[in-house]
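Let's take a walk through this structure together, beginning in its interior and working outwards. Have the view open and follow along.

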Amino acid sequence: MANRHTIVLMQNSQNRSTRTFMDYDSISQAMDGICTLYEKKLKDLNPANRNITYDVADLYNFIDGLSDMSALVYDHSIQAYLPNDRRWIKQRLLQHLKKLAR
């Protein structure tokens with residue numbers, strides 16, 4: 001589970017030119033990457049604030065505000081990528097953040 005290459009696909013707006021992807025060596029790294037993406041957006045929106053906090057609901061709203069977000073996770077047993085929707089991403093983010101909080 002730890003070494004499952006993950007590709008996050010996203011589209012910021014209805015404009016197809018905003019489509020992009022990010023790839024990571026693991027699901028955990030992908031979840032960190034999504035958090036970092038949101039934190040960067042918060043910093044861009046609030047450049048004067050040195051300390052910015054958010055909760056899981058804010059992160060979920062960010063994900064829901066995107067035109068599209070999904071993840072392709074490599075499954076070694078079938079040697080192929082399996083698609084996952086934004087609901088799966090939110091569930092994984094919650095698990096990941098709970099694990100980090102321990």
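## Starting from Ile34

This is a predicted model, and a good place to enter it is Ile34. Setting aside neighbours within four places in sequence, Ile34 is in contact with Val8, Ile63, Met69, Ile89 and Leu93.

Those contacts lead straight into the largest nonpolar core, which has 21 residues; Ile34, Met69, Ile89 and Leu93 are the ones that touch the most other members. Two or more residues each come from strand S1 (6-11), strand S2 (19-24), helix H1 (27-45), helix H2 (56-65), S3 and helix H3 (86-101). H1 gives the most to this core, with seven residues.

## The sheet

Now for the strands. They form an open sheet of four, in the order S2-S1-S3-S4, and the pairing is antiparallel. S2 and strand S4 (80-84) stand at the edges with a single partner strand each, so one side of each has no neighbour in the sheet. From one strand to the next, the twist averages 20°.

H1 packs on this sheet, where it touches S1, S2 and S3, and its direction makes about 30° with that of S1. As general background, strands of a sheet pair through backbone hydrogen bonds, either parallel or antiparallel.

## S1 and its two partners

How many of the six residues of S1 are buried? Five of them are, so S1 is largely enclosed by the rest of the structure.

On one side, S1 pairs with S2 in the antiparallel sense over six bridges. If you would like a pair to look up here, Ile7 has Asp23 as its bridge partner in S2. S1 is also joined to S3 by six bridges, and these two strands run antiparallel. Along that pairing, Thr6 has Val73 as its bridge partner in S3, while Val8 stands opposite Ala71.

## Ser70 in S3

Ser70 is worth a stop of its own. It lies in strand S3, which covers residues 68-75. Is Ser70 buried or exposed? Its relative accessibility is 19%, and because buried means under 20%, Ser70 counts as buried.

Leaving out residues up to four places away in sequence, Ser70 touches Ile7, Val8, Leu9, Asn84 and Ile89. Among these, Ile7 has a bridge partner in S2, namely Asp23, and Ile89 is one of the core residues that touch the most other members.

## Where H1 meets H2

Back to the helices. In general, two packed helices are described by the angle between their axes and the distance between the axes. The axes of H1 and H2 come within 11 Å and cross at roughly 90°. That makes H1 roughly perpendicular to H2.

Which residues make the contact? H1 supplies Ile34, Cys35, Leu37, Tyr38 and Lys41, and H2 supplies Asp58, Leu59, Phe62 and Ile63. By type, the residues of this contact divide into seven nonpolar, no polar and two charged. Ile34 therefore turns up here as part of the H1 side of the contact, and Ile63 of H2 is among the residues that Ile34 touches.

## Out towards the solvent-accessible residues

A few residues with higher exposure round off the tour. Arg19 has its place in strand S2. With a relative accessible area of 48%, Arg19 is partly exposed. Not counting residues up to four places away in sequence, Arg19 touches Met10 and Gln11. Tyr38 is 19 residues from Arg19 along the chain, and the C-alpha atoms of the two are separated by 16 Å.

Gly65 is found in helix H2 and is exposed, with a relative accessible area of 57%. The C-alpha atoms of Gly65 and Phe21 are separated by 17 Å, with their positions 44 residues apart along the chain. Finally, Gln79 is found in the loop between S3 and S4. At 63% relative accessibility, Gln79 counts as exposed. Take a look at its backbone too: phi of Gln79 is near 50°, a positive value in a residue other than glycine.

Note on methods: Residues are numbered from 1 along each chain as its sequence is written. This is a predicted model: local features need pLDDT of at least 70, side-chain atom pairs count only at pLDDT 80 or more; totals for chains, interfaces and linings use all residues. Side-chain values use heavy atoms; hydrogens and water are left out. Buried means under 20% relative accessible area, exposed over 50%, partly exposed in between (1.4 Å probe, protein chains only). Contact means heavy atoms within 4.5 Å. A nonpolar core is a set of buried Ala, Val, Leu, Ile, Met, Phe, Trp, Tyr and Cys residues joined through side-chain atoms within 4.5 Å. Axes are lines fitted to C-alpha atoms, for helices over the stretch in contact, and angles run from 0 to 180 degrees between N-to-C directions. Angles under 35 degrees count as roughly parallel, over 145 as roughly antiparallel, 65 to 115 as roughly perpendicular and the rest as oblique. Ala, Val, Leu, Ile, Met, Phe, Trp, Tyr, Cys and Pro count as nonpolar, Asp, Glu, Lys and Arg as charged, and the others, Gly among them, as polar. Two strands pair if DSSP finds at least two bridges between them.
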